[in-house]
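Okay, thanks for having me. I have one structure to walk through today, so let's put it up on the screen.

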Amino acid sequence: MLFLEVKFLDLDLETNAVIINEEDIKGTAYYSQDRVLIESKTCSFIGTLQSTKTMIKPGEIGVSKYIKDIKLNEGEEVRVRHAQKPQSVSYMRKKMNGQTLTADEIHTIIDEIVSKKLTNVELSAFLVSTYIRGMNTDEIVAMTKRMAETGDTIQWEKRPVVDVHSIGGVPGNKYALLTIPIVAAAGMTIPKTSSRAITSAAGTADVLEVITNVNLSCEEIQRVAKTTGGCLAWGGAVNLAPADDIIINVERPLSIDPQPQLLASVMAKKIATGIDYTVIDIPVGYGVKIKNEKEGNQLARKFIELGELLGIRVECVLTYGGQPIGRAIGPALEIKEALMALHDPKSAPNSLIEKSVSLAGVLLELGGRAQIGQGQKVAWEILESGKALEKFNEIVVEQGGTITKPEEIELGEYTMDIHSPKDGYVTGISNKLITKLAKEAGCPKDKKAGIFLRVKTGNNVNKGDILYTIYSSSEERLDAAVNFARRTYPIKVEGMMLKRLSKF
């Protein structure tokens, strides 16, 4: 056992890592990477031990000042001792071997994720095992319920409360910035909580954060939705299904989104936010999570079945995901395009308008605001009339932002146009490569970075025409993105002659 004084560090350390001078562990039973329990008079938490020669003095323990929900004071003495191995590690090994987990075993895993008893390595092992081995319906139900139970829940006086969610995978998927104000303008309650980017260049929260606050508490979500009918908040800022946010932070560097976690993540948040029914958008196409209509139908059935077991009505919509939605990819570019669509929908990209009003139309029909088959028409009328823009501005202001015009959005100062290498037609835009390109430019952390497409699939181009423009706030990141673009060709241009064959 060690007794050490707390030293706060301006470092965002993973898995509650704590740093000790190597002199303090010489000749002891403590080693780097050991799991330890840190206890003070007011709190305790599990940490992963790291050692240093110079960063921390002997007798001190370095603790990240970014650790949440831990009440420590600089200089106070804490006790450090070995922590027991989490019980869930054996259950994870069971899943690795392809076995089915019981509800109690799943509950233990989720509880130990929330209490931060698991290292990122252990959590990664769990995610990869479910990615490869999968989970059955009973396992997913147990995981979903426990994820919701371990956090806060929101209660509503006015019913019904509705929601829309996209499983993502398509660059530029900014539909929610139009769909939510359309539905709210129709008099419905739609408190949308969104994630930040996992595998994409920008999540809805990343995009809206360019112009307003998205870090809302449960009480603020209720207030905004009660006042305006809708809200667009970051789910990670509230204690709604907290295990989900911890899991997402591990999924992000792995660039995976296992289907069991996808199902549980989406539905746990719906339970926590008190949703009565939701519409799930499932993009289908090459380069997204769901490759074809058959896979889309299978996932939709799982969502609908899971909703029935959880008491939430679910309707799924398969949408075209073969190329980016609209032309803008990246936080600032996407909010700029969304604002342009709200101001003048007739001049906006058809893909963005059609998807937004289609999803809004389904919600309007489910909520009785439009007759069956007329929802899309009613949604378009709300958008065209300017009521959706008015409602969007109300939401932005209520969340702490200011009304912003499209031309006021600042983009990255370093730009580069990428030109077509030949005459021909755009035969394909790779979702994956465009997303990677945007990330190379700095997305999503650099809000001003991104890609603006000058062409879409099927367009005729001449040699030298601009295919797309790369934006970044960093000259170095821009150079990296340009080099990536020249190596990978995210936009494919072909002439009428695809291949020449001759006698060998």
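I'll go through salt bridges, then one helix, then the surface, and end with some backbone details.

Before anything else, keep in mind that this is a predicted model.

Let's start with charges that pair up. How many salt bridges does a search of the whole structure find? The count is 27. I'll pick out a few of them.

Take Lys95 and Glu139, whose closest N and O atoms are 3.0 Å apart. This pair links distant parts of the chain, with Lys95 in helix 1 (residues 88–96) and Glu139 in helix 4 (residues 137–149), 44 residues apart. So are these two buried or exposed? With the cut-off for buried at under 20% relative accessible area, Lys95 counts as buried because its value is 3%, and Glu139 counts as buried too, at 2%.

Next up, Asp206 and Arg196, which meet through their side chains in a salt bridge of 3.2 Å, N to O. Again the pair links distant parts of the chain: Asp206 belongs to helix 6 (residues 204–208), while Arg196 is in the loop between strand 8 (190–194) and helix 6, 10 residues apart. Asp206 is buried at 3% relative accessibility, and Arg196 is buried as well, at 16%. There's a bit more to it, though, since Arg196 and Asp206 are linked with Glu209 and Lys447 in a network of salt bridges.

The last pair sits within one helix. Lys391 and Glu394 form a salt bridge between their side chains, 3.2 Å from N to O. How are they placed relative to each other in helix 14? They are three residues apart in helix 14 (residues 387–398), so about one helical turn separates them. The general picture is that an α-helix has 3.6 residues a turn, so residues three or four places apart point the same way. As for cover, Lys391 is buried, with a relative accessible area of 13%, whereas Glu394 is partly exposed at 30%.

Okay, one helix in its own right. Helix 11 runs over residues 331–343, and at 1.5 Å a residue its 13 residues should span 18 Å. Its end C-alpha atoms are 18 Å apart, which agrees. How many of its residues are buried? It's 10 of the 13, so helix 11 is mostly covered. Among the buried ones are Pro331, Leu333, Ile335 and Leu339, and also the two glutamates Glu334 and Glu337.

Just past that helix, have a look at Asp344, in the loop between helix 11 and helix 12 (350–366). Asp344 is partly exposed, at 38% relative accessibility. Its C-alpha atom is separated by 9.0 Å from that of Leu383, and those residues are 39 apart along the chain.

There's another pair like that. Ser420 is in the loop between strand 13 (414–419) and strand 14 (424–429), and it is buried, with a relative accessible area of 4%. Ser420 and Ile491 are 71 residues apart in sequence, yet 8.9 Å apart in space, C-alpha to C-alpha.

Now the surface. Which residues form the nonpolar patch? Val128, Tyr131, Ile132 and Leu254 do, with about 390 Å² of accessible area together. Helix 3 (residues 120–133) gives the largest share, three residues. Tyr131 is in helix 3, and it is exposed, with a relative accessible area of 51%.

There's a charged patch too: Glu413, Glu475, Glu476 and Asp479 gather on the surface as a patch of negative charge. Glu476 is in helix 16 (residues 475–488), and at 67% relative accessible area Glu476 is exposed.

Finally, the backbone. The peptide bond from Arg159 to Pro160 is cis, with omega near 0 degrees, and Pro160 lies in the loop between helix 4 and strand 7 (162–166). Cys443 and Pro444 are also joined by a cis peptide bond, where omega is about -5 degrees. You'll find Pro444 in the loop between helix 15 (431–441) and strand 15 (450–453).

And then the positive phi angles. Lys116 is not a glycine, but has a positive phi of about 60 degrees. Lys116 is in the loop between helix 2 (103–114) and helix 3, partly exposed at 32% relative accessible area. Tyr489 isn't a glycine either, and has a positive phi of about 50 degrees. Look for Tyr489 in the loop between helix 16 and strand 18 (491–494), where it is exposed at 54%.

That's my tour, thanks.

Key:
Residues are numbered from 1 along each chain as its sequence is written. This is a predicted model: local features need pLDDT of at least 70, side-chain atom pairs count only at pLDDT 80 or more; totals for chains, interfaces and linings use all residues. Side-chain values use heavy atoms; hydrogens and water are left out. Patches are made of residues with over 30% relative accessible area and no salt bridge: like charges are joined within 9 Å, nonpolar side chains (Val, Leu, Ile, Met, Phe, Trp, Tyr) within 5 Å. Accessible areas come from the Shrake-Rupley method with a 1.4 Å probe; for residues, only the protein chains shown count as cover. A salt bridge is a side-chain nitrogen of Lys or Arg within 4 Å of a carboxyl oxygen of Asp or Glu. Lys and Arg count as positive and Asp and Glu as negative; His and the chain ends are not counted. The place of a charge is taken as NZ of Lys, CZ of Arg, CG of Asp or CD of Glu. Helices (H or I, at least four residues) and strands (E, at least two) are DSSP runs, numbered from the N terminus. Buried means under 20% relative accessible area, exposed over 50%, partly exposed in between (1.4 Å probe, protein chains only). The expected span of a helix is 1.5 Å times one less than its number of residues.
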